[in-house]
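Please look over the sequence and the structure shown below. The paragraphs that follow lead through selected side chains and the contacts they make.

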Amino acid sequence: MKEWRGRGIYRALVTRRARLAADRGCRYRLVDASDQSRATPERLGFAAPSVTKSCLIQG
C-alpha cells in the first residue's frame, strides 16, 4: 500500500463521506482511524473523544 500513500485518497474519501452524511441530516459522524491515519480526520476537524482497541480472544 505504500505506493498509494500521499495521494490524498483517504482525505478525499473522508471528506466526501462526511459531506454525504451532512447532506442527509446526520448530526454526528464517526471515523474509525488507526494511529497511522488519525492525523487526516483530525485535520478535517474530527476530534477523538475516546480511543478503542480491538481484541481477539483465541481458544
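Which residues form a nonpolar patch on the surface? The patch consists of M1, W4 and I9, and together these residues have about 390 Å² of accessible area. The structure described here is a predicted model.

W4 offers a suitable place to begin. This residue is found in the segment before helix 1, the helix that spans 9-23. W4 has a relative accessibility of 48%, and therefore counts as partly exposed, since that class lies between the limits of 20% and 50%. The ring of W4 also has a charged neighbour: R7 lies over its face, at 4.8 Å from the ring centre. W4 thus appears in two descriptions, as a member of the nonpolar patch with M1 and I9 and as the residue whose ring face lies beneath R7.

Aromatic rings may also be considered in pairs. In general, such a pair is described by the distance of the centres and the angle of the planes. In this model, the count of aromatic pairs comes to 0.

The discussion now turns to charged side chains. Side chains of opposite charge can pair when their charged atoms come close. How many salt bridges does a search of the whole structure find? The search finds 2.

One of the salt bridges joins the side chains of D23 and R19, with a distance of 3.3 Å from N to O. Both residues belong to helix 1, where they stand 4 residues apart, about one turn of the helix. D23 is exposed, because its relative accessible area of 55% is over the limit of 50%. R19, at 47% relative accessibility, counts as partly exposed.

Another salt bridge links the side chains of D35 and R38, and here the distance from N to O is 2.7 Å. Are the two partners buried, partly exposed or exposed? D35 is exposed, with a relative accessible area of 55%. R38 is partly exposed, and its relative accessible area is 26%.

Cysteines form the last topic. How many disulfides does a search of the whole structure find? The search gives 0 disulfides. Among the cysteines, C26 has a relative accessibility of 38% and counts as partly exposed. C55 is exposed, as its relative accessible area is 72%.

In review, the reader may return to the patch of M1, W4 and I9 on the surface, to R7 over the face of W4, and to the salt bridges of D23 with R19 and of D35 with R38.

Notes: Residues are numbered from 1 along each chain as its sequence is written. This is a predicted model: local features need pLDDT of at least 70, side-chain atom pairs count only at pLDDT 80 or more; totals for chains, interfaces and linings use all residues. Side-chain values use heavy atoms; hydrogens and water are left out. Rings of Phe, Tyr and Trp (its six-membered ring) pair if their centres lie within 6.5 Å; planes under 30 degrees apart count as stacked, over 60 as edge-to-face and the rest as tilted. A charge sits over a ring if NZ of Lys or CZ of Arg is within 6 Å of the ring centre and within 35 degrees of the ring normal. Patches are made of residues with over 30% relative accessible area and no salt bridge: like charges are joined within 9 Å, nonpolar side chains (Val, Leu, Ile, Met, Phe, Trp, Tyr) within 5 Å. Accessible areas come from the Shrake-Rupley method with a 1.4 Å probe; for residues, only the protein chains shown count as cover. A salt bridge is a side-chain nitrogen of Lys or Arg within 4 Å of a carboxyl oxygen of Asp or Glu. Helices (H or I, at least four residues) and strands (E, at least two) are DSSP runs, numbered from the N terminus. Buried means under 20% relative accessible area, exposed over 50%, partly exposed in between (1.4 Å probe, protein chains only). A disulfide is a pair of cysteine sulfur atoms within 2.5 Å.
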